[in-house]
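Biologist: I'm new to this one. Can you walk me through the fold?
Modeller: Sure, let's put it on screen.

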Amino acid sequence: MVTQFPSWLRTYEDCPKRYKFRCIDRRPEKDSPAFTVGRNIHAALKTFFSLKVGDRSHEKLVELLKEAWRHDRRVFTRGDPELERDWGSRAVEMLTRSYDILDVFARPAALEQFIEVAVEDELILKGMVDRIDRVGDKELKVIDYKSAKFPLSEISERERDVAAVIYALGVENLFPGDKVVAVDYIYLGDARVLRFEPTQKLMEEKLNKIRELVKRIEADRHWVATPSQLCAYCGYLDICPEGTDFIGHVEPIEIEELPF
Ligand code: SF4
């Protein structure tokens, strides 16, 4: 029986060597300001949506972000205060820009919910969804917050994504009789939403893609490094000659996808 997570599958597609470090060797990935922003934004939004609707406001959300930040800022503690101010301001700006599309009146059925799906007898898919909203009598919507930039190509992102169907199947397992009608990725920095409607056709296509991907991973013995602009945000850059060499020759671009 093989266990996989959506973020692991994406890591393998991005770079098999990073997958080896992260998912097989289980080496801790070096922390970074970008990861810190992602964790603290998620923590703030979780607490925010556990409040009563009347207690939610933009000011409260920023206050919760600062509260989370106080407990998770180790990446900056020996660094320079300007850097921390810069990243902190980015985090506040993200929440401010996206505040109107967060649906502050939502009454979530669950927050930061662990999900699990068995695909036949061969594979278990696991993951965590940020928020589950009830949108109809028997209908649910899954929300996933992204602190990365909206994808440069929406078409290619739709082709690559396998997480949405895993979330939909996992949530339907948890709420028997209910149907997930949408999985929304909210890109906080751009205040844009990428929506997946998990139709039967999409489910079948993506489950086939996942099976293929898992087979490739199982057969891989070489874990070839595939350097790209993502190396600038890889926590294993210090121990990866291919990535270091690549980064020495290109300007990094803003990352599209972070592993959280
Ligand atoms: S630095 Fe780049 S090439 Fe090396 S493991 Fe990370 S993503 Fe892969």
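**Domains and helix packing**

Modeller: This is a predicted model. The domain assignment splits the chain into domain 1 (2-20 + 109-215) and domain 2 (33-103).

Biologist: What separates the centres of domain 1 and domain 2?
Modeller: 24 Å, taken over C-alpha atoms.

Biologist: And how many residues does the contact take from each domain?
Modeller: It takes 11 residues from domain 1 and 14 residues from domain 2.

Biologist: Which strands supply the domain 1 side?
Modeller: Strand S2 (108-119) and S3 each give at least two residues of the side that touches domain 2. By class, that side of domain 1 has six nonpolar, two polar and three charged residues.

Biologist: New topic. How do helices H3 and H5 pack?
Modeller: H3 (residues 33-50) and H5 (residues 81-98) pack at an angle of about 40°, and their axes are 10 Å apart. So H3 is oblique to H5.

Biologist: Left-handed or right-handed crossing?
Modeller: H3 passes H5 in a right-handed crossing.

Biologist: Which residues make the contact?
Modeller: From H3, Pro 33, Thr 36, Val 37, Asn 40 and Ile 41. From H5, Leu 83, Trp 87, Arg 90, Ala 91, Met 94 and Leu 95. By class, the contact of H3 with H5 has eight nonpolar, two polar and one charged residues.

Biologist: Now H1. Which of its residues are buried?
Modeller: In H1 (residues 6-14), Pro 6, Trp 8, Leu 9, Thr 11 and Tyr 12 are buried.

Biologist: What do they pack against?
Modeller: Strands S1 (2-4) and S3 (123-136), plus helices H2 (16-24), H7 (163-174) and H8 (200-219).

Methods: Residues are numbered from 1 along each chain as its sequence is written. This is a predicted model: local features need pLDDT of at least 70, side-chain atom pairs count only at pLDDT 80 or more; totals for chains, interfaces and linings use all residues. A residue is buried if 20 or more other C-beta atoms lie within 10 Å of its own, exposed if 12 or fewer, and partly exposed in between; C-beta atoms are placed from the backbone. Helices (H or I, at least four residues) and strands (E, at least two) are DSSP runs, numbered from the N terminus. Two residues are in contact if their C-beta atoms, placed from the backbone, lie within 7 Å. Axes are lines fitted to C-alpha atoms, for helices over the stretch in contact, and angles run from 0 to 180 degrees between N-to-C directions. Angles under 35 degrees count as roughly parallel, over 145 as roughly antiparallel, 65 to 115 as roughly perpendicular and the rest as oblique. A crossing is left-handed if the near helix is turned anticlockwise from the far one by less than a right angle, and right-handed if clockwise. Ala, Val, Leu, Ile, Met, Phe, Trp, Tyr, Cys and Pro count as nonpolar, Asp, Glu, Lys and Arg as charged, and the others, Gly among them, as polar. Domain bounds come from an automatic or database domain assignment.
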